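Here are my notes on the model you sent over. Have the structure open while you read, and take the points in order.

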Amino acid sequence: MYTELLANIAILVLSGFVGFAVISKVPNTLHTPLMSGTNAIHGIVVLGALVTLGKMEDPSIGIQIILFVALVFGTLNVVGGFVVTDRMLGMFKGKKPVAAEKAGK
């Protein structure tokens with residue numbers, strides 16, 4: 001049991017280091033597409049947590065807490081990612097002319 005747990009923790013730590021190394025080398029122009037990809041991945045995390053929570057017969061309180069935390073963090077990342085992506089895409093929209101804005105009032 002402990003060898004499996006140790007292997008899973010080692011994979012988690014190594015994947016964190018690899019993820020940090022990869023993301024730190026990404027140019028600024030690719031952050032919006034990467035944010036969209038991350039939204040999709042966190043959407044899968046949210047869906048997986050919901051399915052797992054719904055299919056378990058009698059989950060312990062520890063498992064319920066872990067699934068709930070995964071569900072909350074995944075949802076926060078999806079919503080936050082959409083907000084950031086919308087804000088970044090808003091920077092590329094053209095500005096409205098001042099004369100047309102005054103005429104509409």
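1. Let's start with a term: helices here are DSSP runs of at least four residues (H or I), numbered from the N terminus. With that in hand, you can place Gly81, which lies in helix H3. We'll come back to this glycine further down.

2. Keep in mind that this is a predicted model. The average pLDDT of the chain is 81, and 88% of the residues score at least 70. Where is confidence lowest and where is it highest? The low end is helix H4 (residues 98–103), with a mean of 61, while the high end is helix H1 (residues 2–24), at 89. I'd read H4 with that mean of 61 in mind.

3. Now the overall layout. The chain has four helices and zero strands, so to write its elements out from the N terminus you put α-α-α-α. Among contacts with a separation of 6 or more, 66% join residues 24 or more positions apart.

4. How much of the chain is buried? Of its 105 residues, 12% count as buried. The chain exposes about 8800 Å², and carbon and sulfur atoms supply 74% of that area.

5. Helix H3 covers residues 61–90, and its length is a nice thing to check. At 1.5 Å a residue, its 30 residues should span 44 Å. The C-alpha atoms at its ends are 43 Å apart, which agrees.

6. Which residues of H3 are buried? They are Leu67, Leu71, Gly74, Val78, Gly81 and Thr85. Take Gly81: its relative accessible area is 3%, and the cut-off for buried is under 20%, so Gly81 counts as buried. Leaving aside neighbours within four places in sequence, Gly81 is in contact with Met35 and Asn39. Its C-alpha atom is also 7.3 Å from that of Ser36, although the two residues are 45 apart along the chain.

7. Val84 is in helix H3 too, but Val84 is partly exposed, because its relative accessible area of 35% falls between the cut-offs of 20% and 50%. Met35 turns up again here: the C-alpha atoms of Val84 and Met35 are separated by 8.2 Å, with their positions 49 residues apart along the chain.

8. Next, look at the surface of H3. Ile61, Ile65, Phe68, Val69, Val72, Phe73 and Leu76 form a nonpolar patch there, with about 690 Å² of accessible area together. Is Leu76, one of these residues, buried or exposed? Leu76 has a relative accessible area of 55%, and exposed means over 50%, so Leu76 is exposed.

9. Finally, a stop in helix H1, where Ile23 lies. Ile23 counts as partly exposed, because its relative accessibility is 47%, which is not over 50%. Ile23 and Leu34 are eleven residues apart in sequence, and their C-alpha atoms are 9.3 Å apart in space.

Conventions. Residues numbered from 1 in each chain as written. Predicted model: local features only at pLDDT ≥ 70, side-chain atom pairs only at ≥ 80, totals over all residues. Heavy atoms only, no water. Patch = residues over 30% accessible without salt bridge, like charges linked within 9 Å, V, L, I, M, F, W, Y side chains within 5 Å. Areas by Shrake-Rupley, 256 points an atom, 1.4 Å probe, with all protein chains shown as cover. Salt bridge = Lys/Arg side-chain N within 4 Å of Asp/Glu carboxyl O. Helix = DSSP H or I, 4+ residues; strand = E, 2+ residues; numbered from the N terminus. Buried < 20%, exposed > 50% of the residue type's maximum accessible area, 1.4 Å probe, protein only. Contact = heavy atoms within 4.5 Å. Expected span 1.5 Å × (residues − 1). pLDDT = per-residue confidence, 0-100.
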